[in-house]
Amino acid sequence: MTATQDGPAATHPVRATPAEIARIKQRAAILSVMATILLTAAKLVGAIISGSLALLTDALQGLVDVGSTLFTWFAVRASDKPADDEHHYGHGKVEALAALVETAILFTLAGAILWEAGNRLWTNVIEHVAVTPLVIGVMLLSMTVDAIRWRSLTKVAKETGSEALAGEATHFSADFIGSALVLVGLVGVWKGFERADTIAAFTIAAYTAFSAYRLARRVLDTLMDTAPRGVSERLREATEAVPGVVGINWLRIRPAGGHVHGELGISVSRTLPLDRVTAIKAELAAALLKAEPDADITITADPVAVDDETALERVLLIALKLKIPVHHVTVHSIGDKLSVSLDMEVDADLPLGEAHEIATRLETAIRAEFGGETEVETHIEPMETGQPHGHNAAWETVEDIGKALAGEAAKLGGPIHDIHSVRVRQTAKGLVVNYHCRVDPKLDVACVHAAVDAIERAVRIAQPQVCRLVSHAEPAIAP
């Protein structure tokens, strides 16, 4: 079931909870049982009074209906049980089995009626039929009740996706048509056409068999796990619209008890971090739920190399898989070969021999990715594994550093201006400086980075106690 929108003021229907759906189905089933028992008793009385074969056929069909509606009620209750260790997809197929039993009952009843009606027609046996107001009243009441049940069960079956209730609705549609044909036959007898009752019984049987055939086709599709019409297309369309999904590897769905269970395999870029892949799967699950609220789809994401994946991304991915921190990665083409250089961080206390083994493992993985002729150079750096302590520097120091930054920016005459938010921390290795500055927003990042690097080099020469300088460039505010 999907929400509809007819305009800006349209409202979306609220989806009932599984417990509410179960109560709706069970209430519809038990009311159907009670109505069937009352109508069958009335038809039997009418058949005995009138001697009508068509009415007796309708009454016998009612007796069968009592058993089938009780079975449907049981099936609806059983299908609403949650999944367990033995039934991982729940018990929804019980409804399809109930509908299959309904189909068998309809075919059996149709065959018996056709046999008796055919004998009467071909042997010229004419039974006297008494048409009385009571019999006519019983048939009118039966048609009214069957019409109400047919309509209400069809509505509930569509809302809940119940195969068993859909089978019951089909059954009662046959009952309504049958009652109408009985009435036509009785009117024909009343008008003097004695065979009208037998012909009506024959027609009832033919319509019952046709209804059973239509129901059988739908039930067999469910039992054979035939994908519901249009669902695959809607799920594929929703999947392709989710950013980050590179492609659809497979989609397998099957109906069960008004729900659709399935598996969806997608491809994502192998360069994405795990949290981004998780976010893509969550966004996809929400999109699938919106496209098909009754679908329960398990999503599997496979990392693949995409066509626009850069060499730099591939190097970073290799290091990430090996859990080796790297930075300052550069990749160049040297003729028909590739040259890769990078800084690799290891524990400062690690012996050089072990660090070199880690570097060799990283270099081997990079050559395996790009080819054995690839040049790979690694620079091993110590990594801060602890959390060194520091404190705010004295105000005089902050003021001196701030003036040095502003002075060097003005002396170099570059695009950097409006030095502000200067923070200086004293650490065991020296001063760590952080500051903000303004730059023309139209300049490219490379140009801004070069200007910032020039200021950093000049400040560190003028202020040797500075061991680290971090700048944050902001777009200049238009006057």
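Colleague: Which hand does the crossing of H7 and H8 have, right-handed or left-handed?
Modeller: The crossing of H7 and H8 is right-handed, a term used if the near helix is turned clockwise from the far one by less than a right angle, whereas anticlockwise would make a crossing left-handed. This is a predicted model, in which local features need pLDDT of at least 70 and side-chain atom pairs count only at pLDDT 80 or more, while totals for chains, interfaces and linings use all residues. Residues are numbered from 1 along each chain as its sequence is written, and side-chain values use heavy atoms, with hydrogens and water left out.

Colleague: At what angle do helix H7 and helix H8 pack, and how far apart are their axes?
Modeller: Helix H7 (residues 231-240) and helix H8 (residues 274-291) pack at about 145°, with axes 9 Å apart; axes are lines fitted to C-alpha atoms, for helices over the stretch in contact, and angles run from 0 to 180 degrees between N-to-C directions. Helices (H or I, at least four residues) and strands (E, at least two) are DSSP runs, numbered from the N terminus.

Colleague: Why is Cys 437 called buried, and why does Cys 447 count as partly exposed?
Modeller: Buried means under 20% relative accessible area, exposed over 50%, and partly exposed in between (1.4 Å probe, protein chains only), so Cys 437, at 0%, is buried, and Cys 447, at 33%, is partly exposed.

Colleague: How many disulfides are there by the rule?
Modeller: A disulfide is a pair of cysteine sulfur atoms within 2.5 Å, and by this rule the count is zero.

Colleague: What makes strand E4 and strand E6 the edges of their sheet?
Modeller: Three strands form an open sheet of mixed pairing in the order E4-E5-E6, and E4 (326-334) and E6 (375-383) each have a single partner strand, so one side of each is left without a neighbour in the sheet. Two strands pair if DSSP finds at least two bridges between them, and strand E5 (residues 337-347) and E6 have nine, in the parallel sense.
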